[in-house]
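User: Please explain how the labels given to parts of a protein model follow from their definitions. I should like each value to be set against its cut-off.

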Amino acid sequence: EIRLSLVGSEMCIRDRSFLFFVCVFSQRARPRGWVRQLQGMGFFMSRFLGEIRQLGYVVHDIEAAMDYWSRTLGVGPWYYNPQVPIVNYRYDGEAYTPHNSVALANSGYVQVELIQTRNDVPSMYRDFLRAGRTGLQHVAYWTSDYDADLERLLAQGFKPKMSGEVGERGRFIYFDTEYHPGTVIELSEVAGPKGKLFDLIRHSSEGWDGSDPVRPFPDLRTL
């Protein structure tokens with residue numbers, strides 16, 4: 001169940017299906033009382049990178065996870081790629097060839113990512129699983145000015161751990177920021193076709209009637 005409410009200049013989206021709460025703040029006016037209340041609840045925008053745009057879950061069985069999210073939580077449709085075309089991949093500065101399956105869907109403004117590793121290449125996902133964890137592993141911020149945001153984060157002391165590229169102008173980087181599970185930060189570039197794919201996924205979720213719950217990734221070269 002998704003409920004929208006306008007409070008002053010803030011649009012709040014409450015999705016009870018997975019107990020997530022997101023507020024999209026107006027850049028012109030932010031009522032202080034509501035900001036303090038949301039901060040107290042733990043819901044606020046990062047002062048470094050704006051809104052969290054994606055929640056990344058690492059799972060053992062991505063097909064079962066897609067089925068659960070679509071049937072039980074009502075989130076979908078899912079765009080699924082059994083082997084994401086990652087290039088220029090690095091983990092701790094070393095090059096590898098990962099095989100990861102990824103599924104993406106939106107619940108309102110926020111994208112949910114499901115990730116299953118298919119080989120034993122070093123990654124933060126593998127680290128997460130080897131620590132005995134599954135579930136929320138990272139949050140992602142999206143940018144069209146990747147170089148400037150990356151430079152700013154590095155200057156602030158953020159330490160890169162894992163990086164790569166999906167499609168032209170689709171770079172990503174994960175930082176070693178885990179304080180507790182789910183707090184790894186990803187900076188994701190959306191200036192190219194990956195950004196268009198994300199738009200497609202969000203638009204497909206609006207008014208979704210449950211049909212075709214799993215759909216293939218389009219070829220990024222066609223977007």
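Analyst: The following exchange takes up the model as a whole, then its strands, and then some charged residues. This is a predicted model, in which local features need pLDDT of at least 70 and side-chain atom pairs count only at pLDDT 80 or more, while totals for chains, interfaces and linings use all residues. Residues are numbered from 1 along each chain as its sequence is written, and side-chain values use heavy atoms, with hydrogens and water left out.

User: How many helices and strands does the protein chain have, and what makes a segment count as one?

Analyst: The protein chain has five helices and 14 strands. Both are DSSP runs, numbered from the N terminus: a helix is a run of H or I with at least four residues, and a strand is a run of E with at least two.

User: What share of the residues count as buried, and what does the term require?

Analyst: Of the 223 residues, 50% count as buried. Buried means under 20% relative accessible area, exposed means over 50%, and partly exposed lies in between (1.4 Å probe, protein chains only).

User: Why is strand E8 described as largely enclosed?

Analyst: Eight of the eight residues of E8 (residues 100-107) are buried, so the strand is largely enclosed by the rest of the structure. In a regular strand the side chains alternate between the two faces of the sheet. In E8 both faces are covered: Asn100, Val102, Leu104 and Asn106 are buried on one side, and Ser101, Ala103, Ala105 and Ser107 are buried on the other.

User: How do you know that E8 pairs with E5 and with E9?

Analyst: Two strands pair if DSSP finds at least two bridges between them. Strand E5 (residues 78-81) and E8 have three bridges in the antiparallel sense, with Tyr80 opposite Ala103. E8 and E9 have eight bridges, also antiparallel, and Leu104 has Glu113 of E9 as its bridge partner. Both pairs therefore satisfy the requirement of at least two bridges. E8 and E9 form a hairpin with two residues between them, and Gly108 in the turn has a positive phi of about 65°.

User: Which strands stand at the edges of the eleven-stranded sheet, and why are they called edges?

Analyst: The open sheet has mixed pairing and the order E7-E6-E11-E12-E13-E10-E4-E9-E8-E5-E14. E7 and strand E14 (214-216) each have a single partner strand, so one side of each is left without a neighbour in the sheet. Elsewhere in this order, E12 (residues 171-175) and E13 (residues 184-189) run antiparallel and are joined by four bridges, including the one between Ile173 and Leu187.

User: Why is the contact between Asp92 and Lys161 called a salt bridge?

Analyst: A salt bridge requires a side-chain nitrogen of Lys or Arg within 4 Å of a carboxyl oxygen of Asp or Glu. The distance from N to O is 3.2 Å here, so the pair satisfies that limit. Asp92 lies in the loop between E6 and E7 and Lys161 in strand E11 (residues 160-166), so the pair ties together parts that are 69 residues apart in sequence. Asp92 counts as partly exposed because its relative accessibility is 45%.

User: What makes Asp120, Arg126 and Arg130 one network?

Analyst: Their salt bridges share partners. Asp120 is bridged to Arg126, with the closest N and O atoms 3.6 Å apart, and to Arg130, where the corresponding distance is 3.4 Å. At 17% relative accessibility Arg126 counts as buried, whereas Asp120 at 52% counts as exposed, as does Arg130 at 58%.

User: Why does Arg53 have no salt bridge with Glu51?

Analyst: Glu51 is the nearest side chain of opposite charge to the buried Arg53 (Lys and Arg count as positive, Asp and Glu as negative; His and the chain ends are not counted). Glu51 is 5.7 Å away, so the pair does not come within the salt-bridge limit.

User: Which side chain makes a polar contact with Arg53, and how does the contact qualify?

Analyst: The side chains of Arg53 and Tyr109 are joined by a polar contact of 3.4 Å. The definition asks for a pair of N or O atoms within 3.5 Å; within protein, one must be able to donate a hydrogen and the other to accept it, and residues adjacent in sequence count only if both atoms are side-chain atoms. The value therefore lies within the limit.
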